[in-house]
Structure formats: structure tokens, C-alpha cells
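Reader: I would like to go through a structure with you, one topic at a time. May I put some short questions as we look at it?

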Amino acid sequence: MSDNKWTNNSEDIPEEELITRLCSGEESSYIFLMRKYGRRLYAIARRYTNSDEDAKDCVQQTYIQVFNNIHKFEKRSSLWSWMRRILINISLKTLQSKHRGQELSISDLLPEYDSNNCRTETNWQFTESIDVIISKKESTEIVQKAIYSLPQDYRLVLLLRDIEGYSTEEVATMLEISVSASKTRLHRARAAFKKLLEPLMGV
Amino acid sequence: MLNCKEFEQFIDDYIDGSLPENVSRKVYLHLLACGDCRSYITAYQSSIEMGKAICDKLDSEVPEDVPEELITLVLENIKQKGSKED
Ligand SMILES: [Zn+2]
């Protein structure tokens with residue numbers, strides 16, 4: 001039997017069959033899984049850790065955990081969702097032990113009001129469509145800078161909820177905070193993010 | 001009538017379409033009357049949209065294939081564990 005049978009990315013394997021092979025410990029199925037999802041997992045880990053080195057470590061740890069626990073996978077979600085969740089948990093743990101970067105204070109980024117509690121921020125003028133704005137190179141830089149300027153507690157909620165698409169309840173579980181804290185943080189994070197994106201709109 | 005600051009706390013529920021019934025009328029009335037909050041909500045939603053679109057773009061641009069080194073390290077680790085259990 002050739003061990004290389006599944007290492008070719010162009011050949012897909014039905015998930016059911018893949019799981020069976022993984023459970024029986026076939027090395028070629030491990031290699032297949034790493035080749036198939038490694039890149040996507042790396043991209044996500046990179047977003048949380050903001051470091052190539054840490055992201056690589058997280059992906060490595062994720063695969064080790066996945067292979068060691070594959071027999072516990074209950075198929076309530078896809079294999080990908082299960083792996084992504086493991087990766088994010090590992091990335092969050094990695095973050096806890098790291099020095100934080102150039103974060104701003106959330107209180108400087110919240111909405112502003114006058115003495116009558118009326119909004120005082122400058123309105124955005126949409127002189128270009130969102131698609132046009134997104135396609136510009138400097139937009140990528142501004143968005144990335146905005147994400148990493150958010151204080152970590154807020155950044156994580158924004159990434160998990162708005163980028164990864166987890167529910168408020170799932171975010172609360174992953175960050176070990178209450179649902180109401182998760183909602184409050186999300187709102188502040190979005191408001192701060194909006195303010196940090198103002199350079200995109202010429203504000 | 002809600003002021004802008006009071007209105008602020010309902011923005012996420014408004015976006016999700018999950019406003020509690022007892023406040024939805026107040027929220028709509030404020031939006032009807034307040035151009036600044038209408039504009040704010042558009043900007044707020046656009047930021048989320050732009051953040052998501054740009055992160056998706058960055059994900060798709062990750063250039064490297066999985067490093068062979070990573071594959072080797074993972075396989076070695078798994079084998080070690082397996083042999084310890086034998
Ligand atoms: Zn208002």
C-alpha cells in the first residue's frame with residue numbers, strides 16, 4: 001500500500017472515510033489533513049497571535065491535539081469546525097502568556113456626546129463604494145493596524161464574533177466571560193473599530 | 001424620546017433584528033428623528049463589513065504551503081506518544 005496515496009491535494013477524500021482512517025492511525029491520512037487545512041489554520045492563528053512563529057506553533061499543537069483526540073470527535077460539527085475551535089483555543093492560551101503590543105485605551109475610542117447627550121462624531125461621507133475602499137492597499141494596512149490597536153479583551157471579542165462568526169454565547173464560553181460581558185465588549189469593540197477606521201473615510 | 005447616548009445601547013440588537021419589543025418603537029422614533037445616529041449606524045455596519053472583507057482577503061493571501069518541517073514534527077510527536085503507550 002502506498003503511503004502517498006492521499007498526500008496529493010488535488011484528490012479529496014470524503015470526510016467520513018477520512019475520519020475512519022485518522023482513527024485507525026494511518027499516517028497518510030494525517031499528512032492529508034495537514035496539507036488540506038494547514039494553510040487556513042495558519043491564517044487564523046496569525047490573526048490572533050500576530051506572529052508567524054507563534055502561529056506555526058499553534059498549528060502544530062492543533063494537529064497534535066486533533067490526532068490524539070480524533071476518537072473523541074463526535075461529528076456534531078464538521079471536522080473543520082472542530083479543528084478551528086481547537087486552534088482558536090490554543091491561540092488564545094498562547095496569547096495569555098505574551099507581551100502585548102501597541103494597544104490604545106478603550107475609553108479614548110468610545111462614541112462621544114455633547115452636554116445634551118447628542119452625538120458629536122463626524123459623519124462618514126461615502127464618496128466611494130465599500131468594494132472600492134476594500135480593494136485599496138492602504139485599506140488593508142489601516143484595518144490591520146486598527147485590529148491590533150484595540151485592547152486585547154476587545155480585539156478578541158471582535159475577531160471571534162465578527163470575523164470568525166461565532167455567536168455571543170460561544171464567544172463568552174471561549175473567553176470564559178459572561179454573556180453580558182461579551183455583549184458589552186462587542187459593542188465597545190465595534191464602536192472603537194469604527195473610530196479607528198476613520199482614516200479610510202477621510203474623516 | 002431617547003437621546004443619542006441612550007440609543008447607543010440598542011445598536012447591536014437593532015442590527016441583529018433582535019430588539020426587545022418594549023423598546024423597538026423608541027429606537028425607530030429616534031432613528032427617524034436623528035440623522036447623526038442614522039449615519040453612525042451605517043458607518044458602524046460598514047466597519048464590520050470592511051473588517052470581515054479585509055480579513056478574508058488576508059486569509060486567502062497566506063502564501064506558504066504547510067512547511068514539511070511542521071508535518072515531520074507533528075508525525076514524530078504522534079509516534080513518540082504512540083510508542084510510549086505500547
Ligand atoms: Zn441620535
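Reader: Which side chain does the side chain of Arg190(A) make a polar contact with?
Author: The partner is the side chain of Asp162(A), at 2.8 Å. Please bear in mind that this is a predicted model, and the distance is computed from it.

Reader: And where does Arg190(A) lie?
Author: Arg190(A) belongs to helix α9 of chain A, which covers residues 179–196.

Reader: Is Arg190(A) buried or exposed?
Author: Arg190(A) is buried, because its relative accessibility is 5% and the cut-off for buried is under 20%.

Reader: Let us change to Ser39(B). What does its side chain contact?
Author: The side chain of Ser39(B) makes a polar contact with the side chain of Asn123(A), at 3.3 Å. Ser39(B) itself is part of helix α4 of chain B.

Reader: Why does Ser39(B) count as buried?
Author: Ser39(B) counts as buried because its relative accessibility is 16%, and buried means under 20%.

Reader: Now the empty space. How many cavities of 30 Å³ or more are there?
Author: The count comes to 2 cavities of that volume. The largest cavity holds about 80 Å³, and the second largest has about 40 Å³.

Reader: Which residues line the second largest cavity?
Author: Both residues of the contact we just discussed, Ser39(B) and Asn123(A), are in its lining. From chain A the lining also includes Arg119(A), Glu121(A), Thr122(A), Trp124(A) and Lys194(A). From chain B it also includes Asp36(B), Tyr40(B) and Ala43(B).

Reader: Which element gives the largest share of that lining?
Author: Helix α4 of chain B, residues 35–61, gives the largest share of the lining of the second largest cavity, with 4 residues. By class, this lining has 3 nonpolar, 3 polar and 4 charged residues.

Reader: And the largest cavity: which residues are closest to its centre?
Author: Of the 10 lining residues, the closest to the centre are Gly38(A), Tyr42(A), Asp65(B), Val66(B) and Pro67(B). The lining of the largest cavity divides into 5 nonpolar, 1 polar and 4 charged residues.

Reader: Which element gives the most to that lining?
Author: Helix α2 of chain A gives the most to the lining of the largest cavity, with 3 residues. In chain A, α2 (27–49) and α3 each supply at least two residues of this lining.

Reader: You mention α3 of chain A. How many residues does it have?
Author: Helix α3 of chain A has 18 residues, 52–69. Its first and last C-alpha atoms are 26 Å apart, close to the expected 26 Å.

Reader: What happens at the start of α3(A)?
Author: A side-chain oxygen of Ser51(A) reaches to within 3.4 Å of the backbone nitrogen of Glu53(A) there.

Reader: Which residues in α3(A) are buried?
Author: Among them are Asp54(A), Ala55(A), Cys58(A), Val59(A), Thr62(A), Tyr63(A) and Val66(A). In an α-helix, residues three or four places apart point the same way, because there are 3.6 residues a turn.

Reader: Finally, chain B. How many helices and strands does it have?
Author: Chain B has 5 helices and 0 strands.

Reader: What is the radius of gyration of chain B?
Author: The radius of gyration of chain B is 25 Å, whereas a compact globule of 86 residues would be near 12 Å. Along the principal axes, its C-alpha atoms fill a box of roughly 70 × 30 × 20 Å. Of the 86 residues in chain B, 40% are buried.

Notes: Residues numbered from 1 in each chain as written. Chains lettered and ligands numbered in written order. Heavy atoms only, no water. Expected span 1.5 Å × (residues − 1). Buried < 20%, exposed > 50% of the residue type's maximum accessible area, 1.4 Å probe, protein only. Polar contact = N/O pair within 3.5 Å; in protein donor to acceptor, adjacent residues only side chain to side chain. 1 Å grid on protein atoms, 1.4 Å probe; cavity = no way out; pocket = protein on both sides within 12 Å on 5 of 7 lines; lining within 4 Å. Points joined across faces, edges and corners; volume = space filled by probe spheres on them. Nonpolar A, V, L, I, M, F, W, Y, C, P; charged D, E, K, R; others polar. Rg over C-alpha atoms; globule rule 2.2 N^0.38 Å.
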